[in-house]
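Work through the exercises below with the structure at hand. Each task is followed by a worked solution.

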Amino acid sequence: MTLRADIRIRRDGFSLAAMFIAEPGEPCALIGPNGSGKSTVAAALAGILRLDAGSVQLFDKTLDNGRRALCPQRRNVGVVFQDRLLFPKMSVRDNVGFGLRARGQSRHDADKTASKWLDRLDLTAIADKRPPQLSGGQAQRVAIARALAIEPDLLILDEPMAALDPESKPAVRRLIAQALDDFPGVSLCITHDPVEARALARRIAVIEAGAIVQVGSSAQLQRTPRSAFAAAFVGINLFQGVISCSGDKPVVLDARRCGQHEDAAPPVAIRIASPDQSIAPDRSEVFASLHPRAIILGRDKPQTSARNAHRCAVESIDPIEGALRVSLTGPITLTAEITDAARADLDLTPGSTVWASFKATEVHVYRR
Amino acid sequence: MTNTGKGEGAAPIILPIIAITGLSLFLLPLAGLALRTRWSTAFEQLRDPAILEALRLSFIVSVTAVAIALCYGFPMAYLLARTNLPFRRLIRGLALLPMVLPPIVGGIALLSAFGRNGILGPALESIGIHLPYTTAGAILAVTFVSAPFMVATLEAGLRDLDERLESAAATLGAPRWTIIRRVVLPQLAPAIGAGIALTFARALGEFGATIAFAGSLPGRTQTLPLAIYQSLHTNLESAFLLSVLLLVVSLTILIALRARIVPGNNQRNDRT
């Protein structure tokens, strides 16, 4: 029941060429910046948009081959829309049973199956309410129950939690994760929330400017992000540059933060440990990733074993769960992670000058 | 800056003066109508068989016209609002043309098409269908003039709906007809109600097209407005009374519609 998608769509100046494969039982997340083509991918899979070329194959069924497209009704693709799109004039039960009734089931049978899904998503108590009376979290669960009730071969969740208030997110996330675990088909969750992607998906596909640039597990993405967006998504500093040797020590030269424009800052040398065997030592184009926690901040020039030290200015300080993210500018643009206590000790405020240092061994270098 | 309707946002004093003066021009004749009507004999007059006949005919003609307008109006509105019909703007213009056409011109046009010497007239007559000077002809004339109100109202109603709900229904496997029946029509109910009311009001008042195409035959084509016109020359009292009657019906429809046709008072669908 594999999904093989090669989605090519051109529309007013935007060109999408997204190729990926998704397997059943291996929930996949699709992440990418606004306007990168996430929703277009969802619409193409659901049959709301037609391909210009390429093909979408779900198990043995060709959904679209660029010339002939199966209409949405015959695809058996369940969609949980971003703003839910529940039918406002129907009860919750009728919303969930809608797909079954549309497939010709009797009201009795549809109600029976709907009840099962209402029960699973903890909606039985509100089965007779209308969508406008529901809270955001309830409406979202109804949308999921409605999509799952038709037992789709492919389930698409489009930003399933974007419209929820922060308090109801964890509970809904757990329910969705549970539902996806039990779901036997292929599932694809579009999101911009790293927590959501990690909770709901085993594989993450990164789409940028209409193309899939990386597919991997959350851990792989953290270790070897391959684009500025992917690095920001997992909260990692990412540089690109060329390996060179100073004496017999390899150094990444011309290192530039990914996504930063060439004019923004001159390139900087980053000292690294010997890269692994797969990378030729000289003049190789590489990525270099660095975890924010590996960066040490200090008021004075460090006299330590850290091979890299730069004098930077604090641009902003943002709280994240259990720590602070400090954005630094200077010869090198960095994001460091420190505790509240460290911030108090160093007396950091935006505009402060600090030394940022990190060990050569903390820099992970991999092929571009 | 938000317009609170007070303070700096308030209208200059000259505007309400002009507006109220203008309004009195509309209200004075209506008041005159109510004052000139002899209420003491109203009940007896209303039991006059000729008046009852006109009332009955008006009701039959208007209700039938509304029913036809609904049957034709929804498909037309759906095509205009939901498909990429070629020449859509032209087709919309043609469908709504009778709204701006003088009704008498509509009546003459109907004669040229369905009259005894019209394009289709002889053909229809050969199979036994006579339209001019018949109740069916009156219904045709009234429908011609009033149906565009249904098309316009339903198209606006359809455009107000979130089309993506229909896409959602399609992904759930619902055929087009099921989507229309179970998703579109229930949401369209308020627009259908407004369309019925507007069309009915227009149908009830129709005069020009009817008199040109169907004449003014009591019991067959003489609807309420035609009866009023005739009694202007014979029985002024009943002309006033019938006018009040039509006024009350129109006012009732307007009040029922108030929430829908006053711009800004339109409750849009909650898109949560």
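**Exercise 1.** In this predicted model, compare the span of helix α3 of chain B with the expected value, then find where α3(B) bends.

Solution.
- Step 1: α3 of chain B covers residues 49-82, which is 34 residues.
- Step 2: At 1.5 Å a residue, the expected span is 50 Å.
- Step 3: From first C-alpha to last, α3(B) reaches 48 Å, close to that expectation.
- Step 4: The bend lies at Gly73(B) and amounts to about 30°. A proline, Pro75(B), follows within four residues.

**Exercise 2.** Describe the side of chain B that touches chain A: which helix gives the most residues to it, and how is it made up by class?

Solution.
- Step 1: Chain B puts 18 residues into the contact, and chain A puts in 21 residues.
- Step 2: On the chain B side, at least two residues come from each of α8 (164-171) and α9 (176-205).
- Step 3: The greatest contribution is that of α8(B), with 6 residues.
- Step 4: Sorted by class, this side of chain B holds 8 nonpolar, 7 polar and 3 charged residues.

**Exercise 3.** Take the open sheet of 5 strands in chain A. Determine its strand order and explain why one side of β15 and of β18 is left without a neighbour in the sheet.

Solution.
- Step 1: The order is β15-β19-β16-β17-β18, and the pairing is antiparallel.
- Step 2: β15 (296-298) and β18 (334-338) of chain A are at the edges; each has a single partner strand, so one side of each lacks a neighbour in the sheet.
- Step 3: On average, neighbouring strands here are turned by 45° against each other, direction ignored.
- Step 4: At one edge, β15(A) is joined by 3 bridges to β19 (residues 353-358), running antiparallel. Opposite Gly298(A) stands Trp355(A) of β19(A).

**Exercise 4.** Repeat the analysis for the open sheet of 4 strands in chain A, and place helix α1 of chain A relative to its strands.

Solution.
- Step 1: The strands follow the order β2-β1-β4-β5, with antiparallel pairing.
- Step 2: The edges are β2 (14-22) and β5 (61-64) of chain A; because each has a single partner strand, one side of each has no neighbour in the sheet.
- Step 3: The average turn between neighbouring strands of this sheet is 25°, direction ignored.
- Step 4: β1 (residues 3-11) and β4 (residues 53-58) of chain A pair over 6 bridges in the antiparallel sense. Within this region, Ile7(A) has Gly54(A) in β4(A) as its bridge partner.
- Step 5: α1 (residues 38-46) of chain A lies across β1, β2 and β4 of that chain, at about 115° to β1(A).

Key. Residues numbered from 1 in each chain as written. Chains lettered and ligands numbered in written order. Predicted model: local features only at pLDDT ≥ 70, side-chain atom pairs only at ≥ 80, totals over all residues. Expected span 1.5 Å × (residues − 1). Bend = angle between axes of the 7 residues up to and from the residue. Contact = placed C-beta atoms within 7 Å. Nonpolar A, V, L, I, M, F, W, Y, C, P; charged D, E, K, R; others polar. Pairing = 2+ DSSP bridges. Axes fitted to C-alpha atoms, helices over the stretch in contact; angles between N-to-C directions.
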